[in-house]
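I opened this notebook to record, entry by entry, what I looked up in the structure and what came back. The order follows my own curiosity.

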Amino acid sequence: MAVLRSLSMLGFSGANLRSEKFIVRTKSVLSVDEAVESDGDRTAGGSEEKSHYDAIVIGSGIGGLVASTQLAVKGAKVLVLEKYVIPGGSSGYYQRDGYTFDVGSSVMFGFSDKGNLNLITQALSAVGCEMQVIPDPTTVHFHLPTNLSVRIHREYSEFIEELVSNFPHEREGILKFYGACWKIFNALNSLELKSLEEPIYLFGQFFQKPLECLTLAYYLPQNAGDVARKYIKDPRLLSFIDAECFIVSTVNALQTPMINAAMVLCDRHFGGINYPIGGVGGIAMSLAKGLVDQGSSIMYKANVTKIITENGKAVGVKLSDGREFFAKTIVSNATRWDTFGKLLKGVDLPKEEENFQKLYVKAPSFLSIHMGVKAEVLPPDTDCHHFVLESDWRRLEEPYGSIFLSIPTVLDASLAPEGRHILHIFTTSSIEDWEGLSRKEYEEKKEQIANEIISRLEKKLFPGLKSSIDFMEIGTPKTHRRFLARNNGTYGPMPRGTPKGLLGMPFNTTGIDGLYCVGDSCFPGQGVIAVAFSGVMCAHRVAADIGLEKKSPILDAALLRLLGWLRTLA
């Protein structure tokens, strides 16, 4: 694609200097031009297609890349197969008219220089990479009904002070709810994070940190909304916590596992939100380059259409051009719906997947608007991220009800031409809204909904926004399905009802021997930290199964039976 060009990841050129930067070195970054060359007939790294690998990873989202690089560092020979021309999936990027747009979220967790939950930093470091980042002083600025305005400051004390100023009568409840979040976060952050399906690690952690493990076990079946209601009575404040959780999980607090909520609601203050200079796409590019540096391979324009099984075991994959590749293990970074519904042909759906699909449905997709605007339309000191729900709390989860807006050029001006800013707008949308339309009707509907969303932002935040637009591109759930290969464009699983925390979420192993899943439809769920955690866990479990980590077959069987039983309680 001619519009795709190399990402510039070196130096501080054009960056906004209102906040301090850290991690200044980048040892290796794969440019887009290099990635596009590594397609079609060969793999980056020079491996032949008939080679037998330790692991084949389908897809190069963050979960897949973390799993593959972690395996490569342990000594495994890994092949990553990516349908598109660059890595990253929902964490990729594209370029138009001098703008570098993040495909998905610009809110980056896991990039700090401390703790155990800085999983992106750790994944990059494992393959010899570091990235320059800019700390974001405000995670998100909420603009909510009844003119409730709350900034989530990087400093926890400043956030609590602002929230209490809006709800002074709930001071004690606020401190207790967010205190419970910190209890969970501190327990997680104290543990070495590996596979919960590997008993030697799991029992070792329990004996080293029993109180922390018991804390996590206590909160595992609980949801954030239930915990909040123990301490808080004000319905507006509970609705605010719903909005907090909606950003985490695209559902309200009563449907958001407490552990997931705690990871995000605390890490934004502990490690903070840190934006990578040059754009989010640089994370995947760096991991892909690091993978090749470790002696493994990644192939682009490699569309996997089938997982090959023999005697009930996953042994290889088939591409759309007919080529086949074989490995000891297969790791799917596709959604579980795509993995078991499309890639496994002629195989009965395992009981575990039947149970998963009874408990979870595909979360809706998004309408996304990527815009370039004249810089003067933004007031001075505009925050990078905004969440807008103007008048009715009941519209929070409705299609097109709430709006999430990122302006990454507030932090890194190099992403846009001089005198311009990027606005990246998300709002939930279902693929059913876009089916059965003619091309003309489809384009007209895109323009109509985008115009309504922009009008709302113009009224609430940025007067004159429409007249300042320099570039605009609109993506629908059909766009996300096409380019990200996600079933119905979904961004992950959503509970059918009220879940028992994370009890029902499947781990990395599956009911098919030799097949593993990684990404947002695995424990612990959606979000950058969550999918990176999934990748770390998957790599550890696979490494144990292929002899690169310690393993106890007897304990393995007992633990997997126990975990399977626990999921039935959900």
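Before anything else I fixed one term: helices here are DSSP runs of H or I with at least four residues, numbered from the N terminus. With that settled, I looked up Glu443 and Lys446, and both turn out to lie in helix H14 (residues 439-460), 3 residues apart, about one turn of the helix. I also note at the outset that this is a predicted model.

**Entry: salt bridges**

I stayed with that pair and found that Glu443 forms a salt bridge with Lys446, the closest N and O atoms being 3.5 Å apart. I then asked how exposed each partner is: Glu443 counts as partly exposed at 29% relative accessibility, while Lys446 is buried, with a relative accessible area of 11%. Elsewhere, salt bridges with shared partners link Arg541, Asp545, Lys551 and Asp556 into one network.

A search of the whole structure gave me 24 salt bridges. Another of them joins Lys289 and Asp293, where the closest N and O atoms are 2.8 Å apart; both residues sit in helix H11 (residues 281-293), 4 residues apart, about one turn of the helix. Lys289 is partly exposed with a relative accessible area of 21%, and Asp293 is partly exposed as well, at 43%.

I also wrote down the salt bridge between Glu398 and Arg395, with 3.6 Å between the closest N and O atoms. Glu398 has 36% relative accessibility and counts as partly exposed, and Arg395, at 30%, counts as partly exposed too.

**Entry: confidence**

How many of the residues score at least 70? I found that 91% of them do, and that the protein chain averages a pLDDT of 89. Over residues 1-42, however, the pLDDT is below 50, although this stretch has 125 contacts in the model beyond near neighbours in sequence. I leave the details of those contacts alone, because predicted coordinates should not be read in detail where pLDDT is low.

**Entry: backbone**

I looked next for unusual backbone geometry and found a cis peptide bond joining Phe523 and Pro524, with omega about 5°. Pro524 belongs to the loop between strand S20 (515-517) and helix H16 (528-545).

I then noted two residues other than glycine with a positive phi. For Asp97 phi is near 50°, and the residue lies in the loop between strand S3 (93-96) and strand S4 (99-102). For Tyr400 the value is about 65°, and this residue is found in the loop between strand S15 (385-388) and strand S16 (403-406). Are these residues buried or exposed? Asp97 is exposed, with a relative accessible area of 58%, whereas Tyr400 is buried, at 14%.

**Entry: strand S17**

I turned to strand S17 (residues 420-429), which is mostly covered, since 9 of its 10 residues are buried. Strand S14 (residues 365-374) runs antiparallel to S17 and is joined to it by 10 bridges, with Phe366 standing opposite Thr428. S16 also pairs with S17 in the antiparallel sense, over 3 bridges, and here Phe404 has Phe426 as its bridge partner.

**Entry: helix H8**

Which residues of helix H8 (residues 224-231) are buried? I listed Ala224, Gly225, Val227 and Ala228. They cover an arc of only 160° around the axis, so they lie on the same side of H8. I then checked what they pack against, and the partners are helix H5 (171-189), helix H7 (210-219), helix H9 (235-249) and helix H10 (258-270).

**Entry: nonpolar cores**

Last, I looked up the largest nonpolar core, which holds 151 residues, and among these Phe177, Tyr178, Phe240 and Phe387 touch the most other members. H16 gives the most to this core, with 11 residues. I followed Phe387 further and, leaving out residues up to four places away in sequence, found that it touches, among others, Val140, Phe142, Leu144, Ala243, Phe246, Ile247 and Phe404. Phe404 is the residue I had already met as the bridge partner of Phe426 in S17. There is also a second, separate core of 23 residues, including Tyr53, Ala302, Phe325 and Ala334.

Conventions
Residues are numbered from 1 along each chain as its sequence is written. This is a predicted model: local features need pLDDT of at least 70, side-chain atom pairs count only at pLDDT 80 or more; totals for chains, interfaces and linings use all residues. Side-chain values use heavy atoms; hydrogens and water are left out. Buried means under 20% relative accessible area, exposed over 50%, partly exposed in between (1.4 Å probe, protein chains only). The arc is that of the directions from the helix axis to the C-beta atoms. Contact means heavy atoms within 4.5 Å. pLDDT is the predictor's confidence in each residue, from 0 to 100. Two strands pair if DSSP finds at least two bridges between them. A salt bridge is a side-chain nitrogen of Lys or Arg within 4 Å of a carboxyl oxygen of Asp or Glu. A nonpolar core is a set of buried Ala, Val, Leu, Ile, Met, Phe, Trp, Tyr and Cys residues joined through side-chain atoms within 4.5 Å.
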